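Here are a few short exercises to work through with the model open beside you. Try each task before you read its solution.

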Amino acid sequence: MLSILCFISISCSNVKKAGNSNSDKKFTVTATFYPLYIMLMNITQGSDTEIRMLAPGNTGCLHDYELSAKDMKILSASSVIVLNGLGMENFIDKIINIQGAEKIIAGEGFSIIDNNPHIWVSPQGAVYQVKKIAEELSRIDSRNSELYQKNAAEYSDRILQVESLIQQELAQKDLSNVKCITFHEAFTYFAHQFNIKLLASIEKEPGESPSAKQMSELVKTVKNEINSGSKILLFGEPQYPETSAQIIARETGIKLYNLDPGVTGSLEKDAYLISMKKNLEILKEALN
């Protein structure tokens, strides 16, 4: 009789364990794209949290990214999905409806400019997103809460050090007559934070090449600004073709530089910091 009771007890125990699959599931956090993944690398370091990146690291901005069946499988297997929000992911509705995964919208609550989603490009925006992600992860995964908060604070401090460096260096430059043309609208928050005037963007979104008429008008605008005494800086982005920017450079005689919005790069924790420091050096060169 005792043997039978023991057998029943063991069997019931095994059934309960098999049915409790969620407890055995690896805690997995998936970032929709590269900038958020770099943030996760810093926030989760030292923990047993598994992090993934949805779009390949060379994708760039997600304005036209289409979810594949493989992507949906990755998302459905995730414990948490981290999105930029603010219109960056055109597939956000599909993600929000995925059952069983918590969602963190890293840009939610940030003071936005003209519905522009590229807030991470400014150090101020990057720090906001790092802290937002860490706060939400701490709520969801309380076991690692202290570590997430500690890592986020340390990483935020490092970003703020770069921010301070940029401010100090640009404070030594006369920006009063400087106006910039960027490849697309990725640098809106960066320019706003550091009091840099933006004259125009070559493409509203990557892949939306300007028409011949738009190019002609932009070239005319640049020439008029130069004749009025403005110093025009022209920037492309390393992730995208320079064809249109090269035409402007050729027609106006101004030099073309590249600024990196940090949407692609190496999978290392300091990638964002490195790209911002490089951007500073390019800005200094262009301003000389």
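**Exercise 1.** Is Leu86 buried, partly exposed or exposed?

*Solution.* Start with the ground rules: this is a predicted model, in which local features need pLDDT of at least 70, side-chain atom pairs count only at pLDDT 80 or more, and totals for chains, interfaces and linings use all residues. Residues are numbered from 1 along each chain as its sequence is written, and side-chain values use heavy atoms, leaving out hydrogens and water.
Next, recall the classes: buried is under 20% relative accessible area, exposed is over 50%, and partly exposed is in between (1.4 Å probe, protein chains only).
Leu86 has 27% relative accessibility, so Leu86 is partly exposed.

**Exercise 2.** Find the loop that holds Leu86, then describe its backbone.

*Solution.* Helices (H or I, at least four residues) and strands (E, at least two) are DSSP runs, numbered from the N terminus.
Leu86 sits in the loop between β3 (80–83) and α5 (92–96).
Its phi is positive, about 65°, although Leu86 is not a glycine.

**Exercise 3.** Do the same for Asn195.

*Solution.* First, locate the residue: the loop between α8 (188–193) and β6 (197–201) contains Asn195.
Then check phi: Asn195, also not a glycine, has a positive value of about 55°.
Finally, its relative accessible area is 63%, so Asn195 is exposed.

**Exercise 4.** Summarise the whole chain.

*Solution.* Count the elements: there are 11 helices and 8 strands.
Turn to burial: of the 288 residues, 49% are buried.
For the extent, the C-alpha atoms fill a box of roughly 100 × 40 × 30 Å along the principal axes.
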